[in-house]
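User: I would like to go through this model carefully, one question at a time, with the cut-offs stated as we go. Please begin with the buried part of the fold.

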Amino acid sequence: MKLRLPGRRDTTETTPAAETDASTDAAARAAGKGRPTPKRSEAQGRRAGPPPPPPTTRKEAYKRMRQTQASRRVESRAGAARGDDNYLPARDRGPVRKLVRDVVDSRRNVGSFFLVIAAVALLGVIVPSLAVKNYSSVVLLAFFLVLIVDSVVLSRRIKRKVAERFPNDPQAKRTRGLVWYGISRSTMIRRWRFPKPEVPLGTEV
């Protein structure tokens with residue numbers, strides 16, 4: 001016979017509720033322990049830290065707002081420069097427009113020399129010599145003729161590549177806008193193009 005002191009409970013006796021609570025706690029610990037306990041340094045590295053205190057003056061609030069806007073502009077500019085659709089304007093978005101840019105950037109375009117020829121034409125206007133004026137006019141006229149021929153060749157290449165790659169794309173069916181988009185890009189100097197060229201010259205697109 002086993003004696004029990006008043007106010008003491010036999011440790012060998014367990015109630016069904018206690019067994020249920022113990023099993024629930026064990027299951028919860030097992031579910032939450034599905035991965036190794038992270039190291040203290042790793043846990044501190046993932047910790048976001050306390051938020052910065054609110055600005056105390058209007059000047060400080062305005063300064064923070066300008067810093068936030070500046071960082072967003074830098075991020076947007078970098079994303080657009082590398083051709084990320086999330087940051088590009090509507091006219092540059094989509095795989096069809098990217099294909100047009102690659103077609104233009106993979107070849108040497110006559111339109112890239114437009115600024116040089118424009119400088120020659122301006123020189124012919126400034127210099128009072130009649131011979132210089134005549135030569136500059138001839139150069140300008142010849143350049144525009146060659147530019148027209150090169151633009152026709154470029155437009156045909158754009159239409160062919162777009163039809164091959166995207167035969168069922170609704171954007172690919174508006175070839176007039178795509179051709180104008182490519183020709184306008186071809187008239188810019190390569191290093192000034194935006195988004196930046198992603199293919200080197202001579203690449204087969």
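User: Which residues of helix 4 are buried?

Analyst: This is a predicted model, in which local features need pLDDT of at least 70 and side-chain atom pairs count only at pLDDT 80 or more, while totals for chains, interfaces and linings use all residues. Residues are numbered from 1 along each chain as its sequence is written, and side-chain values use heavy atoms, with hydrogens and water left out. Helices are DSSP runs (H or I, at least four residues) numbered from the N terminus, and buried means under 20% relative accessible area, exposed over 50%, and partly exposed in between, with a 1.4 Å probe and protein chains only. On that basis the buried residues of helix 4 are Val96, Arg97, Leu99, Val100, Arg101, Asp102, Val103, Val104 and Asp105.

User: Why is helix 4 described as largely enclosed, and which helices do its buried residues pack against?

Analyst: Helix 4 is largely enclosed by the rest of the structure because 9 of its 11 residues are buried. Taking contact as heavy atoms within 4.5 Å, the buried residues of helix 4 pack against helix 6 and helix 7 (175-186).

User: Which element gives the largest share of the largest nonpolar core?

Analyst: A nonpolar core is a set of buried Ala, Val, Leu, Ile, Met, Phe, Trp, Tyr and Cys residues joined through side-chain atoms within 4.5 Å. Of the 14 residues in the largest one, Leu99, Val100, Val103, Leu154, Ile158, Val162 and Leu178 touch the most other members. Helix 4, helix 6 and helix 7 are the elements that give two or more residues to this core, and the largest share, 5 residues, comes from helix 4.

User: Is Asp102 buried or exposed, and which residues does Asp102 touch?

Analyst: Asp102 lies in helix 4 (residues 95-105), and because its relative accessible area is 10%, Asp102 counts as buried. Not counting residues up to four places away in sequence, Asp102 touches Glu198, Val199 and Val205.

User: How do the residues lining the largest cavity divide into nonpolar, polar and charged?

Analyst: On a 1 Å grid over the protein atoms alone, a cavity is a set of points where a 1.4 Å probe fits but cannot get out, and lining residues have an atom within 4 Å of a point. The search of the whole structure finds 1 cavity of 30 Å³ or more, and the largest cavity has a volume of about 40 Å³, a volume being the space filled by probe spheres set on grid points joined across faces, edges and corners. Its lining includes Lys98, Asp102, Arg185 and Glu198, and helix 4 gives the most to that lining, with 4 residues. With Ala, Val, Leu, Ile, Met, Phe, Trp, Tyr, Cys and Pro counted as nonpolar, Asp, Glu, Lys and Arg as charged, and the others, Gly among them, as polar, the lining divides into 2 nonpolar, no polar and 7 charged.

User: Where in the chain is confidence lowest, and where is it highest?

Analyst: The predictor's confidence in each residue, pLDDT, runs from 0 to 100, and the chain averages 77, with 72% of the residues scoring at least 70. Over residues 10-22 pLDDT stays under 50, and the model has 5 contacts beyond four places in sequence for them. Residues 26-33 are also below 50, with 0 contacts beyond near neighbours in sequence. Confidence is lowest in helix 1 (residues 16-32), at a mean of 46, and highest in helix 4, at 94.

Terms used:
1 Å grid on protein atoms, 1.4 Å probe; cavity = no way out; pocket = protein on both sides within 12 Å on 5 of 7 lines; lining within 4 Å.
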